[in-house]
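The exercises below are meant to be worked through with the sequence and the coordinates side by side. Try each task before reading the solution that follows.

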Amino acid sequence: MFKLKIKVGHYYEYKLNEDRKIAFSVLYGFERGKNKDVYTLMIYTDTNNFEFPIEEDLFDKWVKEERVREITSDKALVYAL
C-alpha cells in the first residue's frame, strides 16, 4: 500500500465530509530543531485563504483515515479561483 507523506510545495485535498472538500498546499516545514515536523499549510476555501500550522503526526492521521489525497496544481488553482 502506498503511504502518502507530507511534502513542501505539494498540493492536497482534505475531505471534511462526503460533500465538502478543501484544498491546501504545504508552504514550508521544519525538519529539525524546536519545531521539528511542523508544517505550514495554505488553506484555500471558497471565501478566503489562510495559513494553518500542523504537525506531521496529524497529517499521517488524516492519511490513515483516507481524508487526504495529493492533487495537481491545476486542481488547487480551481479551488483558489
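Glu56 is buried, with a relative accessible area of 15%, and this acidic residue is the starting point for the first exercise. The model is a predicted one, and the values used in every solution are computed from it.

**Exercise 1. Determine which side chain meets Glu56 in a salt bridge, and which parts of the chain the pair ties together.**

Step 1. The side chain of Glu56 meets that of Lys5, with a distance of 3.7 Å from N to O, and a salt bridge is counted when this distance is within 4 Å.

Step 2. Lys5 belongs to the segment before E1 whereas Glu56 belongs to helix H1, so the salt bridge ties together parts that are 51 residues apart in sequence.

Step 3. The two partners differ in burial class, because Lys5 has 36% relative accessibility and counts as partly exposed, while Glu56, at 15%, falls under the 20% limit for buried residues.

**Exercise 2. Find the salt bridges in the whole structure and describe those that do not involve Glu56.**

Step 1. A search of the whole structure yields three salt bridges.

Step 2. One of them joins the side chains of Arg69 and Glu13 at 2.8 Å, N to O; this pair links distant parts of the chain, with Arg69 in strand E5 (residues 68–71) and Glu13 in strand E1, 56 residues apart.

Step 3. Glu13 counts as buried at 5% relative accessibility, whereas Arg69, at 41%, counts as partly exposed.

Step 4. Another salt bridge is formed by Glu65 with Lys61, where the closest N and O atoms are 4.0 Å apart. Glu65 is partly exposed at 42% relative accessibility, and Lys61 is likewise partly exposed, with a relative accessible area of 47%.

**Exercise 3. Identify the residues with the most contacts inside the largest nonpolar core, and the elements that give two or more residues to this core.**

Step 1. The largest nonpolar core has 15 residues, and those with the most contacts inside it are Ile6, Tyr12, Phe24, Leu41, Phe59, Trp62 and Val68.

Step 2. Two or more residues are given to this core by each of strand E1 (11–15), strand E2 (21–30), strand E3 (38–44) and helix H1 (56–64).

Step 3. A second core of five residues, separate from the largest one, includes Ala23, Met42, Ile71 and Ala76.

**Exercise 4. Describe how aromatic rings pair in this model, taking Tyr12 and Phe59 as the example.**

Step 1. The count comes to five aromatic pairs.

Step 2. In the pair of Tyr12 and Phe59 the centres are 5.1 Å apart and the planes stand at 75°, an edge-to-face arrangement, since planes over 60 degrees apart are classed in this way.

Step 3. Tyr12 in strand E1 and Phe59 in helix H1 are 47 residues apart, and their pair links distant parts of the chain; both Tyr12 and Phe59 are buried.

Step 4. Ring pairs also connect Tyr12, Tyr14, Phe24, Phe59 and Trp62 into a cluster.

**Exercise 5. Compare the backbone phi values and the exposure of Asp37 and Glu66.**

Step 1. Asp37, in the loop between E2 and E3, has a positive phi near 65° although this residue is not a glycine, and Asp37 is partly exposed, with a relative accessible area of 26%.

Step 2. Glu66, in the loop between H1 and E5, has a positive phi of about 60° and is not a glycine either; at 63% relative accessibility, Glu66 counts as exposed.

How values were computed: Residues numbered from 1 in each chain as written. Predicted model: local features only at pLDDT ≥ 70, side-chain atom pairs only at ≥ 80, totals over all residues. Heavy atoms only, no water. Core = buried A, V, L, I, M, F, W, Y, C linked by side-chain atoms within 4.5 Å. Buried < 20%, exposed > 50% of the residue type's maximum accessible area, 1.4 Å probe, protein only. Helix = DSSP H or I, 4+ residues; strand = E, 2+ residues; numbered from the N terminus. Phe/Tyr/Trp six-rings, centres within 6.5 Å; stacked < 30°, edge-to-face > 60°.
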